[in-house]
Amino acid sequence: MSETRKGISAMIAACTIWGLSPLFYKLLAAVPPGEVLAHRTIWSFVFFAVILIVQGRFIALFQSIASARSFCIIFFASLMIATNWFLFIYSVQVGRVLEASLGYYIFPLVAVFLGTVVFRERLVLVQWGAVVLAAAAVVVLTIGLAVPPWIALTLAITFGLYGVVKKRLSIGPVAAEVLILLPIAALWLYLMHSGLATEGRPGAVWGLDVTTTALLIATGPMTGGPLMLFSYASKRVDMASLGLIQYINPTLQFGCAVLIFLEPFTIWHAIAFPLIWLALAVYSVAVLRRMRAVKL
């Protein structure tokens, strides 16, 4: 198998895990989302720490946040990724996976818009058309459901801002972000276990039963595994292909929401989602044309 095919296989695997992850987090529906996030942070750090120790790069993790500037930068990135993770967990628990999938559908278009604002990247008319279609879909849902799809928008914006920070400053791996979040996660779990965060009653579920405890530990490799696959793929596959393959993620989330969780799919969703799909098709064609032009 060629390196490109290995990269494509890794990307498909990563997106499949991400896309089916609502099924995993649904198993933790009885656990408060803040507690799930805390365990996801801690066990993600353990996962990355083991990998970095094996690679002989564990000390470099701490060096990446040695200066005040790098610490502040990664702290902002940590807030963005933590908000993104929390909202995704919350959306699964409250039955709004459909809206979460919308967020990951519109993320590429939000990233394009942020590119024009932050990096002064110029868009061709077709790409602007895709952004306008995505905006129209959000307006349709806002009018039809009488409330903005705030989960979708926040997921897309936080992930977009996270990408902006990582692109502009080239700051280390996700392990640095979870390292900074680690004390906060540990403190939250302490407050939960001691009852200080739950009106005097121990509120944490860790250790109450084997299954739940095992699932909380599994949030580490569930987070770190796909990221490693994505990193592997990004070194072997061109960005246009990566962008197209990543749509597997929200498509599978969409399927989980509608076909498995039986979330309501209204007429407004039936209008908004095709608009998003059309926007992504337009955007993808524009990207592919640009990539071919560069190669020529």
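Trainee: Let's start with one residue. Where is the place of Leu-244?

Mentor: Leu-244 sits in helix α10. Helices here are DSSP runs of H or I with at least four residues, strands are E runs of at least two, and both are numbered from the N terminus. Keep in mind that this is a predicted model: local features need pLDDT of at least 70, side-chain atom pairs count only at pLDDT 80 or more, while totals for chains, interfaces and linings use all residues. Residues are numbered from 1 along each chain as its sequence is written, and side-chain values use heavy atoms, with hydrogens and water left out.

Trainee: OK, pLDDT then. Which element has the lowest mean pLDDT, and which the highest?

Mentor: pLDDT is the predictor's confidence in each residue, from 0 to 100. Where it is low, the predicted coordinates should not be read in detail. Among the elements, helix α10 (residues 239-245) has the lowest mean, 71, and helix α11 (residues 248-260) the highest, 94. For the chain, the mean is 85, with 91% of residues at 70 or more.

Trainee: Back to Leu-244. What does Leu-244 touch, leaving out residues up to four places away in sequence?

Mentor: A contact means heavy atoms within 4.5 Å. By that test, Leu-244 touches Ser-284 and Leu-288. Leu-288 is 44 residues away along the chain, yet the two C-alpha atoms are separated by 9.7 Å.

Trainee: And why does Leu-244 count as partly exposed?

Mentor: The classes go by relative accessible area with a 1.4 Å probe, protein chains only: buried is under 20%, exposed is over 50%, and partly exposed is in between. Leu-244 comes out at 36%, so it counts as partly exposed.

Trainee: Try a residue in helix α2. Is Phe-48 buried or exposed?

Mentor: Phe-48 lies in helix α2 (residues 33-55) and is buried, because its relative accessible area is 10%. Beyond four places in sequence, the neighbours that Phe-48 touches are Val-174, Ala-175, Val-178, Gly-224 and Leu-227. Take Met-228 as well: 180 residues from Phe-48 in sequence, and 9.4 Å from it, C-alpha to C-alpha.

Trainee: Now the reverse case. How many residues apart in sequence are Val-124 and Leu-102, and what is the distance in space?

Mentor: They are 22 residues apart in sequence, with 24 Å between their C-alpha atoms. Val-124 belongs to the loop between α5 (97-118) and α6, and it is partly exposed at 38%.

Trainee: Let's do backbone angles. Which phi value does Ala-146 have?

Mentor: Phi of Ala-146 is near 65 degrees, which is positive in a residue other than glycine. Ala-146 lies in the loop between α6 (125-145) and α7 (150-169), and it counts as exposed, at 69% relative accessibility. Leu-262 also has a positive phi, near 55 degrees. That leucine is in the loop between α11 and α12 (267-295) and, at 65%, is classed as exposed.

Trainee: Zooming out, how many helices and strands are there in the chain?

Mentor: Twelve helices and zero strands. For overall spread, use the radius of gyration over C-alpha atoms, set against the globule rule of 2.2 Å times the number of residues to the power 0.38. The chain's radius is 20 Å, close to the 19 Å that the rule gives for 296 residues, so it is as compact as a globular protein of that length. Along the principal axes, the C-alpha atoms fill a box of roughly 60 × 45 × 40 Å.

Trainee: What share of the 296 residues is buried?

Mentor: Buried residues make up 46% of them. As for contacts with a separation of 6 or more, 83% join residues 24 or more positions apart.
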